[in-house]
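Here are some exercises to work through with the model open in your viewer. Try each task before you read its solution.

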Amino acid sequence: MTMWGMLIAIYLFLAGISAGSYITGILCDWYVKDERLIKLRKAAIWLATPVLGLGLGILIFDAEAGLFNPWRMAFLFNNLPFSMMSTGTLIITLFFFLLVWHGWLEFKNKFVPNWVKVTGLVLALGTAAYTGLLIGLAQVPFWNTPMLPILFSVSGVSAGIAAAFIAGVMWDKSIIEFIIPLKKVHLGLLVFEAFLLFSLLYVAASRDVTAAQSVSMILTGELALWFWGGLVFIGLVIPITSESIELIKHKQVEPPLDLNLQHFSAGKGEVMKLYFVEGATIFGGFCLRLIIISAAIPINVML
Amino acid sequence: MARYGMLIDTIKCVNCYACSLACQTQNGLPDDENFIYFLEKEEGTFPNVKRDFLPVQCQHCDEPACEEVCPTGATYKDEDGIVVLDNSKCIGCKYCGVACPYSARVQLHDSMYKKGTYEDAGREYNYTVEKCRFCKELVDNGEQPACVTTCISNARIFGDLDDPESELSKAIVEKKAKPLRADLGTKPKIYYVR
């Protein structure tokens with residue numbers, strides 16, 4: 001464990017979810033292009049705002065010297081662009097203002113210009129990547145792998161999609177029928193995440209003694225339960241299996257598009273299953289941050 | 001304008017912890033916090049074993065990783081090459097502590113101990129992420145850092161690395177002292193004899 005603990009893990013997790021949720025909203029617009037997903041889009045964009053706000057609040061709460069002397073926060077952008085903390089705070093602050101604005105336009109049912117969406121998408125990707133780069137640039141052997149920022153981005157987007165699904169379905173059960181294209185994206189991300197995770201562990205274990213200690217702490221040591229139980233089983237195996245089965249089933253029975261099937265299939269069971277599976281993905285995303293933060297061992301200077 | 005550095009002779013060091021006690025007194029630190037910590041390592045196979053001790057503190061790098069990541073510019077290198085902290089700018093984000101390869105940063109807050117001690121030392125520790133400052137207040141007065149003056153075996157030498165005639169520069173050459181993990185590229189200015 002370094003000087004960063006649980007609060008930073010929660011912060012990185014929330015920032016990732018927020019970015020992912022916003023990206024889901026944009027995907028509804030540009031990728032799926034399904035008018036019936038309008039509620040999912042709105043829910044996704046609205047959800048991103050309080051989640052990011054909460055994350056920023058936790059970041060400030062963790063920086064106690066700034067918490068008790070709030071005016072010092074004004075110095076946060078002093079070290080642009082060299083400090084990833086300065087750069088990241090700038091990205092996240094801009095993203096937050098954009099979310100508030102975009103959310104307001106959606107609330108008023110006003111036209112959202114394309115450049116807002118493009119800027120939002122860039123800032124969302126920046127936020128997701130920053131959560132990985134922030135710790136990836138610190139001098140901790142286990143964190144210094146090129147996979148880490150990609151893994152955090154992919155996992156953030158995947159947890160964000162899951163959170164947006166839950167928020168959307170809570171609002172309107174019928175969208176459960178129309179999210180199949182997004183579920184395909186989600187499944188792809190989850191599989192990619194699993195691949196990145198194990199290649200990260202493999203590369204970390206083979207490049208440095210201290211990093212190898214971190215890896216053994218994760219695979220067989222004190223973090224093994226969080227890793228195998230929380231991240232691998234709950235966060236990856238359950239969602240990947242469930243979504244694969246769903247997509248295979250969906251292929252076999254293609255429902256007629258013009259029928260409103262919500263009373264048939266979007267029953268309580270389906271909704272509960274979605275809550276459970278997407279909840280598991282979100283929990284897995286949290287376990288990932290917690291494990292990566294907790295497994296950090298400082299460089300061995302006594303070589 | 002100097003470029004201050006230090007030599008620590010671990011062969012002379014008897015691991016008495018006097019340096020860390022002097023450091024606590026000088027900086028008004030509580031008994032469980034310190035800017036100097038000790039690493040231990042056992043070497044060899046029985047019965048030919050020895051224990052290595054290594055006192056580690058801020059290495060006052062020429063290219064400090066903590067300065068590079070500090071978002072507010074609170075950590076900076078002064079004109080004498082000492083890496084110092086402007087407490088009034090530090091927000092306590094601890095990025096410096098995570099970035100420092102030598103784990104030399106310590107977060108201090110006043111609920112940990114009596115206010116009097118660090119106020120006597122002329123400091124305000126309010127969740128700021130503190131560090132060894134080569135006892136800048138003493139050095140500016142032409143004195144030596146507390147850990148150097150207190151060392152019972154004269155294992156520590158403090159001086160100007162830019163002055164080839166200084167005791168420090170001569171000792172580094174003579175004893176073939178090397179910095180810790182120079183491969184990390186931060187150009188540390190504490191040299192160790194091991």
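**Exercise 1. Count the salt bridges in this predicted model, over all chains and then between chain B and chain A.**

Solution. Start with the whole structure: a search over all chains finds 23 salt bridges. Next, restrict the search to pairs between chain B and chain A, where the count is 2. One of these joins the side chains of B:Lys94 and A:Asp62, with N to O at 3.5 Å. As background, side chains of opposite charge can pair when their charged atoms come close.

**Exercise 2. Find the salt-bridge partners of B:Glu43, B:Asp62 and B:Lys136, and place the last two pairs in the chain.**

Solution. Take B:Glu43 to begin with: its partner is B:Lys41, and the closest N and O atoms are 3.7 Å apart. Both ends are partly exposed, B:Glu43 with a relative accessible area of 29% and B:Lys41 at 27%.

Now go to B:Asp62, which forms a salt bridge with B:Lys189, the closest N and O atoms lying 3.1 Å apart. This pair links distant parts of the chain, 127 residues apart: B:Asp62 sits in the loop between β3 and α2 of chain B, and B:Lys189 in the loop between β9 (178-179) and β10 (190-193). B:Lys189 has a relative accessible area of 1%, under the 20% cut-off, so this lysine is buried.

For B:Lys136 the partner is B:Asp78, with 2.8 Å between the closest N and O atoms. Here, too, distant parts of the chain are linked, 58 residues apart: B:Lys136 belongs to helix α5 (residues 136-139) of chain B, while B:Asp78 lies in the loop between β4 (75-77) and β5 (83-85). B:Asp78 is buried, with a relative accessible area of 8%.

As a last step, follow the shared partners: B:Arg3, B:Asp62, B:Lys77, B:Asp162 and B:Lys189 are joined into one network of salt bridges.

**Exercise 3. Describe the interface: how many residues of each chain are in contact, and how much area do the chains bury between them?**

Solution. Begin with contacts: 43 residues of chain B touch 35 residues of chain A. Then turn to area: the two chains bury about 3000 Å² between them, and 61% of it is on carbon and sulfur atoms. B:Ile91, B:Tyr95 and B:Val98 supply 24% of the area that chain B buries against chain A, more than any other three residues.

Next, look for polar contacts across the interface: there are 20 such residue pairs, both residues at pLDDT 80 or more. On the side of chain B that touches chain A, the elements supplying at least two residues each are β2 (37-43), β3 (50-56), α2 (65-69), α3 (95-99), β6 (106-109) and β7 (126-130). Sorted by class, that side has 21 nonpolar, 11 polar and 11 charged residues.

**Exercise 4. Which backbone features stand out at B:Pro47, A:Pro81, B:Lys94 and B:Lys187?**

Solution. A reminder helps: most residues other than glycine have a negative phi, and most peptide bonds are trans.

- B:Phe46 and B:Pro47 are joined by a cis peptide bond, with omega about 5°; B:Pro47 is in the loop between β2 and β3 of chain B.
- The bond from A:Leu80 to A:Pro81 is cis, with omega near -10°; A:Pro81 lies in the loop between α3 (64-68) and α4 (84-107) of chain A.
- B:Lys94 has a positive phi, near 70°, in the loop between β5 and α3 of chain B. With 5% relative accessibility, B:Lys94 is buried.
- B:Lys187 has a positive phi of about 55° and is located in the loop between β9 and β10 of chain B. At 47% relative accessibility, B:Lys187 is partly exposed.

**Exercise 5. Why are the buried residues of helix α7 of chain B on the same side of the helix?**

Solution. List the buried residues of α7 (residues 167-175): they are B:Leu168, B:Ser169, B:Ala171 and B:Ile172. These residues cover an arc of only 165° around the axis, so they fall on the same side of α7(B). Their cover includes β1 (4-9), β8 (156-160) and β10 of chain B. Then check the face turned away from the buried side, which carries the exposed residues B:Glu167, B:Val173 and B:Glu174. Finally, step past the helix: B:Lys176 follows α7(B) and has a positive phi, near 50°.

Note on methods:
Residues are numbered from 1 along each chain as its sequence is written. Chains are lettered from A and ligands numbered from 1 in the order in which they are written. Side-chain values use heavy atoms; hydrogens and water are left out. Contact means heavy atoms within 4.5 Å. Buried area is the accessible area (1.4 Å probe) that two parts lose on being put together, summed over both. A salt bridge is a side-chain nitrogen of Lys or Arg within 4 Å of a carboxyl oxygen of Asp or Glu. A polar contact is a pair of N or O atoms within 3.5 Å; within protein, one must be able to donate a hydrogen and the other to accept it, and residues adjacent in sequence count only if both atoms are side-chain atoms. Helices (H or I, at least four residues) and strands (E, at least two) are DSSP runs, numbered from the N terminus. Ala, Val, Leu, Ile, Met, Phe, Trp, Tyr, Cys and Pro count as nonpolar, Asp, Glu, Lys and Arg as charged, and the others, Gly among them, as polar. Buried means under 20% relative accessible area, exposed over 50%, partly exposed in between (1.4 Å probe, protein chains only). The arc is that of the directions from the helix axis to the C-beta atoms.
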